Amino acid sequence: MLTQRQLFLQHNAQTSPEPLMLEFVRAQGIYIYDAQDKKHIDLIAGIGVSNVGHCHPNVVKAIKEQVETYMHLMVYGEYVQSPQVNFAKALADILPTSLNCTYFLNSGTEAVEGAMKLAKRYTGRKGFIACKNAYHGSTQGAESLMESDFYSSGYGPFLPNVSFMEHNNVADLDKITTDIAAVFIEPIQGEAGIRVADLSYMQALKAKCQETGTLLIFDEIQSGFGRSGKMFAFEHYNIVPDVLLLAKGIGGGMPIGAFISSLEIMSVLSHSPILGHMTTFGGHPVCCAAGLATLRTLVDNGIVAEVEEKGQLFKQLLQHPAINEIRGKGLMLAVEFENFEINKKIIDACILDGILSDWFLHCSNSMRIAPPLIITKEEIEEACTIILKNVNSVFSSQ
């Protein structure tokens, strides 16, 4: 009989020549367990997905209750479905008043696609600006917003009328003109290796967009839902985007994405033509029920209020001559080493030692630290002890 690994290689489409091939059988809290029941501390939370941990009982309860009530009924937007309505209302309650209308989809990249269409429809313009070293998704439109030839080679041509600016470079804001429908930006760049924008830059960006009538679209697919130490990263900058993109952590482990704007801006999708943007499974009632349970768990348990202190503890404990820098906010961190080879050896050694981490698409010499937000101080101390043990081991063998 073929093993699960052999079946995986034969029947599951591969995304790299050498997949990690780690075989896990269950997960709970911050831990993932392999086939031998060895537990691993998950320091990447499924790339920013499991903000309330794996299989949080509140989320599981909400999923079970909704599954027993109803699942798919109709394409998004036609029927009044309580899970969608209640989640959208809960989001509006914690967001600024100008972000009061949500379109639910299946993923982050779909949220980007929807926002691109929304921006063109609302402004009547065709141009977009995105940041170098950004990552907004892998569909054709979303990947048009990624400057890197390495990841896009072989898949073009992509959308025209897209230009790029340096993240955190005020001089580059002059590229924003009245021809630009929207600027897409991550307030904290994820796959660039956790690059946090300056307050002055973000405020200048907002002013430039207002001056030119350009929509400012914040991609908080990684940084949203408490990851940065605030519920939303834009709160660090005292500005409000015109459109907010969410996914990953908002579903408690279930697949869901969203783009959020004002009722005025979003209304353009409803006419001329009608059904200008459609999705069959977006806003799936089970996913929305999970999302609402995730939001309530974060808010009711005060989880977000502890994130900044936990991030600072990682920074304090991960001190070593081999570590060049630790960047980030809250529990969205990058630990930088000299090069990819060293970083990869440390990550591989940590995996064998029960710590799950990885690197970044555009910053391969940095280790990702983005655990479930529920991680305790004692668990952080344990994780850092194991990481430092393997940093020492790798460097003693050099």
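**Notebook: loops, cavities and cores**

**Entry 1. The loop between H9 and H10**

I began with Pro273, which I find in the loop between H9 and H10. I note at the outset that I am working from a predicted model. The peptide bond that joins Ser272 to Pro273 is cis, with omega at about 10 degrees.

I then went on to Gly283, which lies in the loop between helix H9 (263-266) and helix H10 (285-300). Is Gly283 buried or exposed? I looked up its relative accessible area and found 1%, so Gly283 is buried, the cut-off being under 20%. For its surroundings I set aside the neighbours within four places in sequence, and the contacts that I then list for Gly283 are Tyr76, Gln84, Phe104, Leu105 and Cys288. I also checked the separation from Val268, which is 15 residues away along the chain, and the C-alpha atoms of Gly283 and Val268 turn out to be 19 Å apart.

**Entry 2. The second largest cavity**

Gly283 came up again when I turned to enclosed space, since it is one of the residues that line the second largest cavity. My search of the whole structure gave 2 cavities of 30 Å³ or more, and the second largest of them holds about 40 Å³ of space. I wrote down its lining as His72, Leu73, Met74, Gln81, Gln84, Thr280, Phe281, Gly282, Gly283, His284 and Pro285. By class I have 4 nonpolar and 7 polar residues in this lining, with no charged residues. Gln84, which I had already noted in contact with Gly283, is also among these lining residues.

**Entry 3. The second largest pocket**

I next looked at open space, where the second largest pocket has a volume of about 380 Å³. Its lining is made of 14 residues, and those closest to the centre of the pocket are Tyr76, Gly77, Tyr103, Leu269 and Ser270. Which element gives the most to the lining of this pocket? I find that E4 does, with 3 residues, and that strand E4 (101-105) and H9 each supply at least two. The residues of this lining divide into 8 nonpolar, 5 polar and 1 charged.

**Entry 4. The two domains and the largest cavity**

I took the domain assignment of the chain, which gives domain 1 (4-55 + 303-397) and domain 2 (57-301). The centres of the two domains, taken over C-alpha atoms, are 26 Å apart, and I count 30 residues of domain 1 in contact with 36 residues of domain 2.

With these bounds in hand I went back to the largest cavity, in which about 50 Å³ of space lies. Its lining consists of Ile47, Gly48, Ile194, Gln222, Arg227, Met332, Arg368 and Ala370, and at least three of the lining residues come from each of domain 1 and domain 2. I sorted this lining into 4 nonpolar, 2 polar and 2 charged residues.

**Entry 5. Nonpolar cores**

I then looked up the largest nonpolar core, which has 114 residues, and the members with the most contacts inside it are Phe184, Leu205, Phe225, Leu245, Phe259 and Phe314. This core, too, draws at least three residues from each of domain 1 and domain 2. Apart from it I found a second, separate core of 7 residues, including Ile188, Ala233, Met332 and Cys363. I had met Met332 already, in the lining of the largest cavity.

**Entry 6. Asn365**

I checked Asn365, which is placed in the loop between strand E15 (355-356) and strand E16 (366-369). Its relative accessible area is 18%, and because buried means under 20%, I enter Asn365 as buried. Not counting residues up to four places away in sequence, I find Asn365 touching Val335, Glu336, Phe337, Glu338, Asn339, Phe340 and Asn343.

**Entry 7. Backbone notes**

I closed with backbone geometry, starting from the cis peptide bond that runs from Gly156 to Pro157 with omega near 5 degrees. Pro157 sits in the loop between helix H7 (149-152) and strand E6 (162-165).

Met21 is not a glycine, yet I read a positive phi of about 60 degrees for it. Met21 is in the loop between helix H1 (4-11) and strand E1 (24-28), and with a relative accessible area of 22% I enter it as partly exposed. Cys55 is likewise not a glycine and has a positive phi, of about 55 degrees. I locate Cys55 in the loop between helix H2 (45-48) and helix H3 (57-67), and at 42% relative accessibility Cys55 counts as partly exposed.

Methods:
Residues numbered from 1 in each chain as written. Predicted model: local features only at pLDDT ≥ 70, side-chain atom pairs only at ≥ 80, totals over all residues. Heavy atoms only, no water. 1 Å grid on protein atoms, 1.4 Å probe; cavity = no way out; pocket = protein on both sides within 12 Å on 5 of 7 lines; lining within 4 Å. Points joined across faces, edges and corners; volume = space filled by probe spheres on them. Nonpolar A, V, L, I, M, F, W, Y, C, P; charged D, E, K, R; others polar. Domains from an automatic or database assignment. Helix = DSSP H or I, 4+ residues; strand = E, 2+ residues; numbered from the N terminus. Buried < 20%, exposed > 50% of the residue type's maximum accessible area, 1.4 Å probe, protein only. Contact = heavy atoms within 4.5 Å. Core = buried A, V, L, I, M, F, W, Y, C linked by side-chain atoms within 4.5 Å.
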